[in-house]
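Biologist: I am new to this model and would like a close look at one part of it, with enough of the surroundings to place it.

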Amino acid sequence: MNQLEMKKIAAQAALQFVKPDMIVGVGSGSTVNCFIEALGTLKDQIKGAVAASKNSEELLRQQGIEVFSTNDVSSLDIYVDGADEINPQKMMIKGGGAALTREKIVAALAKNFICIVDSSKQVDVLGSTFPLPIEVIPMARSQVARKLVTLGGAPEYREGVVTDNGNIILDVHNFAIMNPVEMEKELNNIAGVVTNGVFALRPANTVIVGTPDGAKII
Ligand code: 5RP
């Protein structure tokens, strides 16, 4: 079974958490795209969705699902999103699709953060397989990069990518993230950093892993 098929299994299984009249928080990425397609089958039963990226917003509308602004809701029952890596504590690295800031904002509104992944995303230590994305104000790019080097990272400018918020992304290699909560706080304190892709202060509540044997809910 290939990775896309496993993503589809996880996305389909997330539908069981969607209840009538809900406004569903929706992240972004290829796994979430599968979820949006599946959510289309429930479009007449839900109130709508809040999206964490312009791309997801567009796909939701194509499915006939109304999209609300985060400013229109005070909380969300569920937020469904993918991850680049997830550890046994349900902490994640996110931002492979450059949507990390809006994803963190929408996740913060949710009572139940449901992370949908294929099994290749499961790691023991964050940073083992995927560089850490950091969204940075463009004028601070070089100074943030220098600071990241002093912390032991090897930042790489993601060429040609501008986030939905008009900023740039630095992908930091060589970070073995042994203490994700402290790392998330430390990186957020660097002047010029908008958000970093460590999702540890607000981990997922529910993880759905797509496997060849079906969806495993943790
Ligand atoms: C986007 C994200 C995605 O959730 C993450 O990159 C996983 O993507 P995919 O489902 O395509 O593997 O954080 O910013």
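Biologist: How many nonpolar, polar and charged residues does the lining of the second largest pocket have?

Modeller: This is a predicted model, in which local features need pLDDT of at least 70 and side-chain atom pairs pLDDT 80 or more, while totals for chains, interfaces and linings use all residues. Residues are numbered from 1 along each chain as its sequence is written, and side-chain values use heavy atoms, without hydrogens and water.

The lining of the second largest pocket has seven nonpolar, three polar and three charged residues (Ala, Val, Leu, Ile, Met, Phe, Trp, Tyr, Cys and Pro count as nonpolar, Asp, Glu, Lys and Arg as charged, the others as polar). The space in the second largest pocket is about 160 Å³. Of its 13 lining residues, Ala51, Glu57, Thr70, Arg102 and Val106 are the closest to the centre. A pocket here is an open set of points on a 1 Å grid where a 1.4 Å probe fits, with protein on both sides within 12 Å along at least five of seven lines, and lining residues have an atom within 4 Å of a point. Two or more lining residues come from each of β2 (48-51), α3 (54-62), β3 (67-68) and α4 (100-107); α4 gives the largest share, three residues. Helices (at least four residues) and strands (at least two) are DSSP runs.

For the surroundings, the largest pocket holds about 200 Å³ of space. It is lined by 17 residues, with Ser28, Gly29, Ser30, Asp84 and Gly97 closest to its centre. Its lining divides into four nonpolar, eight polar and five charged residues, and helix α2 (residues 30-39) supplies the largest share, three residues.

Further along the chain there is an open sheet of four strands in the order β9-β10-β8-β11, paired antiparallel (a pair needs at least two DSSP bridges). β9 (154-157) and β11 (193-196) are at the edges with a single partner strand each, so one side of each has no neighbour in the sheet. On average, neighbouring strands are turned by 30° against each other, direction ignored. Inside the sheet, five bridges join β8 (residues 132-136) to β10 (residues 168-173), and Pro133 stands opposite Asp171 in β10.

Two helices lie across these strands. Helix α5 (residues 141-150) lies across β8, β9, β10 and β11, at about 15° to β10, contact being heavy atoms within 4.5 Å. Helix α6 (residues 180-188) lies across β8 and β11, at about 165° to β11; angles run from 0 to 180 degrees between N-to-C directions.

Notes:
Grid points are joined across faces, edges and corners, and a volume is the space filled by probe spheres set on the points.
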